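Colleague: I have some labels to challenge. Show me the model, and then defend them.

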Amino acid sequence: MRDSSTNAVPDAVAPDEARTERSKPNRPHKARAETERPQKRRTPMKSDAASPQNGPEIPLDQALDTVILGDSIDIMRRLPPKSVHLIFADPPYNLQLRGELRRPDESKVDAVDPAWDQFSSFAAYDRFTHEWLSAARRVLRDDGALWVIGSYHNIFRVGASLQDLGFWILNDLIWRKSNPMPNFRGKRFTNAHETLIWCAKSEAQARYTFNYEAMKELNEGVQMRSDWLLPICSGGERMKNDSGDKAHPTQKPEALLARVLLTSTEAGEVVLDPFFGSGTTGAVAKRLRRRFIGVEREPAYVEIARRRIAEITPHDDDALAFARSKRRAQRVPFGLLLERGVLKPGDVLESPRGVAKVRVDGSLVADGVSGSIHRVAAHLMKAESYNGWTFWNFQGQPIDLLREKIRAELEKQEHGSEN
Ligand SMILES: C[S@@+](CC[C@H](N)C(=O)[O-])C[C@H]1O[C@@H](n2cnc3c(N)ncnc32)[C@H](O)[C@@H]1O
């Protein structure tokens, strides 16, 4: 789906072009869907508890950092409930390809048409989606999150299903491909993006991890937006088989997974990928020192993923430390700097636009204007609003650093009192 050179997946045009004008969009495919569930399990599950389990329970410690060969629905039903922090899923797209796609030079485009992507109808795909999302919901912690990636072929169906099941969408993100495959026949726009849906387990969920500051840092200090421009997976990152061909048709770029994992997890937390493919999620998780569980039903892909992950060296502690989210951190008002004796009334704060005097109530006065650190900074900057924490220095040191020191002391005290 997503490779510019030969790979006819959603990033390419192949899925659309390969469908002839005569073919009906939802006509059953001739090859019976291997991904369909047996008839007796086709009725949508009403609750997770009712889901049949096809084998013994799998203890979490046995599953961690392994690639499990099997059907993701069966395996997820056997994992302990509420045991994983994050689920990243890149499910089959249900491309429903019709016929061959050729480039202008008549070479054949290597489309994604393996058995795992074939379903007899939209209804069969919806049943499959409902089942794997139900199983995923059961295994997800109540403070966890689920990310799912897809193309226009499937993402709207997946989105409806996850809302029906009670997941709560936080964002949809566009992965814009910097190097998509062109639309060879010129009959549609170049298909240059895929969509990720990020959701919490439920609307009522009080907490979910969002490493806001880390994502902002990754974006050079500017708030990260919901459109991510990244190249498709190619070059040395692309896994090859023994004949030197692509080992997996829809291998995702590691940079994409790194953003997802950095957004939604802390080191040591558990990430489950029920459609593991070539193991991109596991490779990134190991590098970022997250724990992973991969499920994949094709033995050849399991083998590739295991080999790939074995070669990954995890980052060290220093490299892994990242900017903490100030939203989750202790709130430290400016007045507390005075109360804790870090500053005292009468101290002078410096800035590129002038100095200000600290007053006893934690307000500042400068240039005839008084108010909060933000208000006085905004006045000097002739702006509507301004972040005073990044504007003022005390004795050459940003006051934001003084705040960080106090915050660290408070957190230490808080944790000390918990122990
Ligand atoms: C879109 S690919 C995932 C690619 C992966 N993200 C990567 O970067 O390599 C979907 C994968 O799910 C696997 N799959 C499909 N149905 C499955 C099922 N019911 N259980 C487990 N794996 C399944 C396919 O074999 C395929 O490798």
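Colleague: Which residues of helix 12 are buried, and what makes them count as such?

Modeller: Ile 373, Val 376, Ala 377 and His 379, in a helix that spans residues 373–381. The model is predicted. A residue counts as buried if 20 or more other C-beta atoms lie within 10 Å of its own. These four are the buried residues of helix 12.

Colleague: Why are they placed on the same side of helix 12?

Modeller: They cover an arc of only 160° around the axis, so they share a side. The general rule: an α-helix has 3.6 residues a turn, so residues three or four places apart point the same way.

Colleague: What covers the buried residues of helix 12?

Modeller: The cover includes strand 12, strand 13 (364–366) and strand 14.

Colleague: What comes right after helix 12?

Modeller: Lys 382, with a positive phi near 55°.

Colleague: Back to the strands. How do you know that strand 11 and strand 12 pair?

Modeller: Pairing needs at least two bridges. Strand 11 and strand 12 (residues 356–358) have 2, and they run antiparallel. In one of them, Val 348 has Lys 357 in strand 12 as its bridge partner.

Colleague: What is the strand order in that open sheet?

Modeller: 11-12-13-14, 4 strands with antiparallel pairing.

Colleague: Why are strand 11 and strand 14 said to stand at the edges?

Modeller: Strand 11 (348–349) and strand 14 (369–371) each have a single partner strand, so one side of each lacks a neighbour in the sheet.

Notes: Residues numbered from 1 in each chain as written. Predicted model: local features only at pLDDT ≥ 70, side-chain atom pairs only at ≥ 80, totals over all residues. Buried ≥ 20, exposed ≤ 12 C-beta atoms within 10 Å, placed from the backbone. Arc of directions from axis to C-beta. Contact = placed C-beta atoms within 7 Å.
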